[in-house]
Amino acid sequence: MPIETTNHIWHNGELIPWEKAQIHVMSHVIHYGSSVFEGIRCYQQPGGAGVFRLNEHMQRLINSAKIYRMPLPYTLSQLNDAVVDVIEANGVTPCYIRPIAFRGYGEIGVNPLKSPVEVYIANFPWGKYVQGNDGADVCVSSWNRLAPNTMPSLAKAGANYMNSQLIRMEADVNGYVEGIALDRNGYLSEGSGENLFLVIGGTIYTPPLANAALSGITRDSILVLARQMGIPVVEQSLPRELLYICDEAFFTGTAAEVSHLRSVDRIMIGDGTMGPVTTALHKAFFDIVNGLAPDRHNWLTPVKVREAVGV
């Protein structure tokens with residue numbers, strides 16, 4: 001969907017006008033995909049707004065950069081403060097936040113070490129990501145997730161999302177809203193930008209990180225909520241065919257939030273409606289982020305904004 005611009009973007013410690021956030025065409029990232037990034041949501045709440053699991057997201061950004069030998073010149077605390085600063089400067093909530101670090105203009109060639117690291121943080125309105133108000137119709141992609149020891153799945157790197165683009169485009173041209181990728185051994189991995197959950201007999205199943213799945217922050221939140229609610233959780237390798245015979249299925253992610261799946265490969269999941277386990281977790285998640293339930297896990301970082309904008 002089109003990006004709605006805001007007034008300011010944070011760049012290397014300063015707020016700059018949105019239109020000034022530009023890079024040179026010979027920047028390393030353009031030629032070699034040398035970037036790491038995050039996706040974070042800020043939710044409107046009674047009397048204010050809150051950024052969901054800010055600390056965990058920015059720590060994952062730092063971890064992704066470390067994996068790629070990309071030293072960030074900012075501490076975790078400084079990056080957290082920068083997110084709050086740009087949201088408050090723009091006065092836009094609810095919103096999506098995009099921190100990104102990349103190798104900028106320096107040298108050409110695969111070796112990135114002498115190209116400078118640039119850090120930007122933007123925020124803007126962004127609504128529902130996984131389309132389908134009555135549930136998403138998805139497919140199993142012909143594209144596999146990355147094999148171990150090729151590209152690190154635990155790093156949220158821009159280059160990894162070339163794989164995601166192939167998965168998403170294939171789904172789109174075939175009439176689905178999203179694709180589900182298998183790992184190199186044929187086990188379920190994740191969607192193009194979402195973690196995957198199945199419900200069978202009241203138990204939640206989800207692929208482990210070893211199946212080339214990203215260590216999702218929303219994924220972790222759902223696991224915490226499920227265990228808190230007494231719902232059994234199993235993290236194990238899952239065969240493809242469980243998609244067709246499970247009782248419920250849903251995606252999680254910062255963009256996707258908690259989105260139930262109606263069908264996979266034109267095979268209906270249950271009766272196609274959001275099942276009781278997904279419904280309970282969906283409600284628990286949105287009650288917390290929207291300030292309707294206590295934030296017992298301290299997942300929300302408060303920000304001060306004058307008024308909300310629609311998304």
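Aspartate 287 and lysine 283 form a salt bridge, with 2.7 Å between the closest N and O atoms. The two residues are four apart in helix α7, so about one helical turn separates them. Their surroundings are unlike in exposure: aspartate 287 counts as buried because its relative accessibility is 16%, while lysine 283 is exposed at a relative accessible area of 52%. The model discussed here is a predicted one.

**Salt bridges**

The structure contains eleven salt bridges. Side chains of opposite charge can pair when their charged atoms come close. Three of these bridges are set out below.

| Pair | N to O distance | Location |
|---|---|---|
| Aspartate 287 and lysine 283 | 2.7 Å | Both in helix α7 |
| Glutamate 38 and arginine 60 | 2.7 Å | Loop between β3 and β4; helix α2 |
| Aspartate 265 and arginine 240 | 3.3 Å | Loop between β15 and β16; loop between β13 and α6 |

Glutamate 38 and arginine 60 meet through their side chains at 2.7 Å, N to O. This pair links distant parts of the chain, 22 residues apart, with glutamate 38 in the loop between β3 (35-37) and β4 and arginine 60 in helix α2. Both glutamate 38 and arginine 60 are buried.

The side chains of aspartate 265 and arginine 240 form a salt bridge at 3.3 Å, N to O. Aspartate 265 sits in the loop between β15 (257-264) and β16 (267-268) and arginine 240 in the loop between β13 (233-235) and α6 (242-245), so the pair ties together parts of the chain 25 residues apart in sequence. Arginine 240 counts as partly exposed, at 33% relative accessibility.

Arg53, Glu56 and Asp220 are joined into one network by salt bridges that share partners. Arginine 53 is in the loop between β5 and α2 and counts as buried, with 8% relative accessibility.

**Backbone exceptions**

Most residues other than glycine have a negative phi, and most peptide bonds are trans. Arginine 53 has a positive phi, near 50°. Alanine 212 also has a positive phi, near 65°; alanine 212 lies in the loop between β12 (203-206) and α5 (217-228). Alanine 212 is buried, its relative accessible area being 9%. The peptide bond between threonine 93 and proline 94 is cis, with omega about -10°. Proline 94 belongs to the loop between α3 and β6.

**Aromatic pairs**

There are eleven aromatic pairs in the structure. In one of them, phenylalanine 52 and tryptophan 299 are arranged edge-to-face, at 5.7 Å centre to centre and with 80° between the planes. Phenylalanine 52 is in strand β5 and tryptophan 299 is in the loop between α7 (276-289) and β17 (300-303), so far along the chain that 247 residues separate them. Phenylalanine 52 counts as buried at 3% relative accessibility, and tryptophan 299 is buried with a relative accessible area of 5%. Tyrosine 96 and tryptophan 126 have ring centres 4.4 Å apart and planes at 85°, so this pair is edge-to-face. Tyrosine 96 lies in strand β6 and tryptophan 126 in the loop between β7 and β8 (136-140), 30 residues apart, and the pair links distant parts of the chain. Both tyrosine 96 and tryptophan 126 are buried. Elsewhere, ring pairs link Tyr43, Phe52, Phe285, Phe286 and Trp299 into a cluster.

**Nonpolar cores and surface**

The largest nonpolar core has 29 residues, of which Cys42, Val51, Leu72, Ile87, Ile97 and Val119 touch the most other members. At least two residues of this core come from each of β4 (40-45), β5 (48-52), α2 (54-67), α3 (76-90), β6 (95-103) and β7 (117-124). Helix α3 gives the most, with six residues. Leaving out residues up to four places away in sequence, valine 119 touches Trp10, His11, Asn12, Leu72, Pro73, Tyr74, Leu79, Ile100 and Ala101. Another core lies apart from the largest one and has 22 residues, including Ile204, Leu223, Ile231 and Leu281.

On the surface, Ile23, Val25, Met26, Ile30, Tyr32, Tyr105, Ile108 and Val110 make a nonpolar patch of about 790 Å². Tyrosine 105, one of the residues in this patch, is located in the loop between β6 and β7. Its relative accessibility is 51%, so tyrosine 105 counts as exposed.

Methods
Residues are numbered from 1 along each chain as its sequence is written. This is a predicted model: local features need pLDDT of at least 70, side-chain atom pairs count only at pLDDT 80 or more; totals for chains, interfaces and linings use all residues. Side-chain values use heavy atoms; hydrogens and water are left out. A nonpolar core is a set of buried Ala, Val, Leu, Ile, Met, Phe, Trp, Tyr and Cys residues joined through side-chain atoms within 4.5 Å. Buried means under 20% relative accessible area, exposed over 50%, partly exposed in between (1.4 Å probe, protein chains only). Contact means heavy atoms within 4.5 Å. Patches are made of residues with over 30% relative accessible area and no salt bridge: like charges are joined within 9 Å, nonpolar side chains (Val, Leu, Ile, Met, Phe, Trp, Tyr) within 5 Å. Accessible areas come from the Shrake-Rupley method with a 1.4 Å probe; for residues, only the protein chains shown count as cover. A salt bridge is a side-chain nitrogen of Lys or Arg within 4 Å of a carboxyl oxygen of Asp or Glu. Rings of Phe, Tyr and Trp (its six-membered ring) pair if their centres lie within 6.5 Å; planes under 30 degrees apart count as stacked, over 60 as edge-to-face and the rest as tilted.
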